[in-house]
Amino acid sequence: FRLLSETMAEQNTEAKLKNQLKREKVQLWNPPYTAADGQPGQRHMQELAERYAPLLCLSAPEVGAALESIRAQAVKRGKGNKTFRETNVATVELLLPRDSKKDPKTKDHLETRLDVLVQEVVDRIGEEYGLKYIKLILNGKTLCADQRLDEQGVKNHSKMMVLKVSDAELKQQLSEEEEKKKNQNESIQRTQKGFQILSERDGSEDPDTTPFLEIADQRGNPLKIPHTEKKVESLYSRLCLDSEKMAQLMTLGFTEREARLGLRACQGDLQEAAVHISNQRQEREELQQRERQKRSRRMEVISTLTELGFSRRDAATALHHADGDVDKAYAILLDSSQAARSTNNNTEGAVSPERVEQLLYLGFEREVSEAALRLTGGDVQSATQLLLDNQGVLSPELLSMSPPSTSSSSSSPSSEEPSTSSSSAG
């Protein structure tokens, strides 16, 4: 824990220095701070450390060490850019699980071409760091193992998080692979059977009762195509939508997508398509209205429980566990009020600027990053997994379950003050 605190303090110092360097437009990778051979310009670096030390309330040696770390990273990054231009070998930063890092104080990098499959990189990381089942995260999305790095947005100097795959995920992944393989085999068997049937035909079959090709609309209804129409052009003309009907539907206020899907669903009938689209819209509006009413009822119940002296967070949590039953939620709150107060006391410090920055590097928004850290007790790996499971968006229910970000709790989520952190400059 002490080592982790020291590492976070060093990262915070470097972040503040990077902001200061950016404001003053100081480039440590260029002379006079870096010589032609890549070595530091000692005198100028010392002068810079002595000038910044009072600003950060730190000693000159501490600031000098942080400046040298920033300078070395910049020089290494410049060499990486040159290598990438000359050899197409990129350098990506790996955010490894805490127990897999060789040195907590140093960053882990991997040199690789970007035109290789993700699976190849996964195998390399697993072999080098002793990780068996892992996945790679970039900008909040899991990289597909059977696609190339560059096809999924990986660039030179990208930051990728390495997450261990849980047992449940591994079982699901293996099950999906088995299901995919089974579907592929069934598809191959159907294709082979179709070829066999076609090869046995001698042309004497009735085309009305034994179609050579059957095409269905989006509802699954087969389109009757006369056997005399053999040419691709005539088939295309029957399936192509009438642009004039499309224009008429769009004039009525429907979108192009609604018009296209409506005409296809109604086999080109303009009147039926208009009714179909209107019904679809009404169904969506009714569904949204039910969802709004459900949320409104839930907020009313939470407010009722809050008036009884419970916090909004505890009320929301209890209501979630009680499946919306207010009486059960009240009973849960009575039984666990002492445990809930203990939980409130342990949430302080779960969200730190450095941990939030790690999630921001991965492409998540600040608000959901802070909420995820509060929900997971400040564990970056668990917070990342939670955001991935929810596609980077936490539902109002989950947000209301997260503890407040300030030391004093509030009865309204809107009154919670978001935590702030220094953004690091590259």
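Helix axes here are lines fitted to C-alpha atoms over the stretch in contact, and the angle between two of them runs from 0 to 180 degrees between their N-to-C directions. With that in hand, a good place to start in this predicted model is the pair formed by helix H14 (residues 366–375) and helix H15 (residues 380–389), whose axes come within 8 Å and cross at roughly 120 degrees. Since angles of 65 to 115 degrees count as roughly perpendicular and those over 145 as roughly antiparallel, H14 is oblique to H15. The crossing in which H14 passes H15 is right-handed. On the H14 side, the residues that meet the partner helix are Val-368, Ser-369, Ala-372, Leu-373 and Leu-375, and on the H15 side they are Val-380, Ala-383, Leu-386 and Leu-387. Sorted by class, this contact consists of 8 nonpolar residues and 1 polar residue, with no charged ones.

It helps to step back to the whole chain before turning to further helix pairs. The protein chain holds 16 helices and 7 strands. Of its 426 residues, 32% count as buried. Among contacts with a separation of 6 or more, 55% join residues that lie 24 or more positions apart.

The confidence of the prediction deserves a word as well. Mean pLDDT for the protein chain is 77, with 77% of residues at 70 or more. Residues 229–238 have pLDDT below 50, and this stretch makes 5 contacts in the model beyond near neighbours in sequence. Another such region covers residues 405–426, where pLDDT stays under 50 and the model has 33 contacts beyond four places in sequence. Predicted coordinates should not be read in detail where pLDDT is low.

Helix H9 (residues 270–307) offers two further examples of helix packing, one with H7 and one with H8. Two packed helices are described by the angle and the distance between their axes. For helix H7 (residues 243–251) and H9, the axes come within 11 Å and cross at roughly 40 degrees. This angle makes H7 oblique to H9, and the crossing is right-handed. H7 brings Lys-245, Gln-248 and Leu-249 to the contact, while H9 contributes Leu-270, Ala-273, Ala-274 and Ile-277. The classes represented in the contact of H7 with H9 are 5 nonpolar, 1 polar and 1 charged residues.

The second partner of H9 is helix H8 (residues 256–265), and here the axes come within 8 Å and cross at roughly 120 degrees. H8 and H9 are therefore oblique to each other, again with a right-handed crossing. From H8, the contact draws on Glu-258, Ala-259, Gly-262, Leu-263 and Ala-265, and from H9 on Leu-270, Ala-273, His-276, Ile-277, Arg-281 and Arg-284. In this contact of H8 with H9, 6 residues are nonpolar, 2 are polar and 3 are charged.

Which residues does Leu-249 touch, leaving out those up to four places away in sequence? They are Phe-254, Ala-259, Leu-263, Leu-270, Ala-273, Ala-274 and Ile-277. Leu-249 itself is found in helix H7, and its relative accessible area is 0%, so the residue is buried. One of its contacts, Ala-259, is 10 residues away in sequence, with a C-alpha to C-alpha distance of 5.9 Å. Ala-259 also takes part in the contact of H8 with H9, and Leu-270, Ala-273 and Ile-277 are listed on the H9 side of that contact too.

Helix H10 (residues 312–321) is largely enclosed by the rest of the structure, because 7 of its 10 residues are buried. These buried residues are Arg-312, Arg-313, Asp-314, Ala-315, Ala-316, Ala-318 and Leu-319. Just after H10 comes Asp-323, with a positive phi of about 55 degrees.

A last site of interest lies towards the start of the numbering, in the loop between helix H1 (2–24) and helix H2 (42–56), where Pro-32 is found. Is Pro-32 buried or partly exposed? With a relative accessibility of 38%, Pro-32 counts as partly exposed. Apart from neighbours within four places in sequence, Pro-32 is in contact with Gly-41 and His-44. Pro-32 and His-44 are 12 residues apart in sequence, and their C-alpha atoms are 6.7 Å apart in space.

Terms used. Residues numbered from 1 in each chain as written. Predicted model: local features only at pLDDT ≥ 70, side-chain atom pairs only at ≥ 80, totals over all residues. Heavy atoms only, no water. pLDDT = per-residue confidence, 0-100. Contact = heavy atoms within 4.5 Å. Helix = DSSP H or I, 4+ residues; strand = E, 2+ residues; numbered from the N terminus. Parallel < 35°, antiparallel > 145°, perpendicular 65-115°, else oblique. Left-handed = near helix turned anticlockwise from the far one by under 90°. Nonpolar A, V, L, I, M, F, W, Y, C, P; charged D, E, K, R; others polar. Buried < 20%, exposed > 50% of the residue type's maximum accessible area, 1.4 Å probe, protein only.
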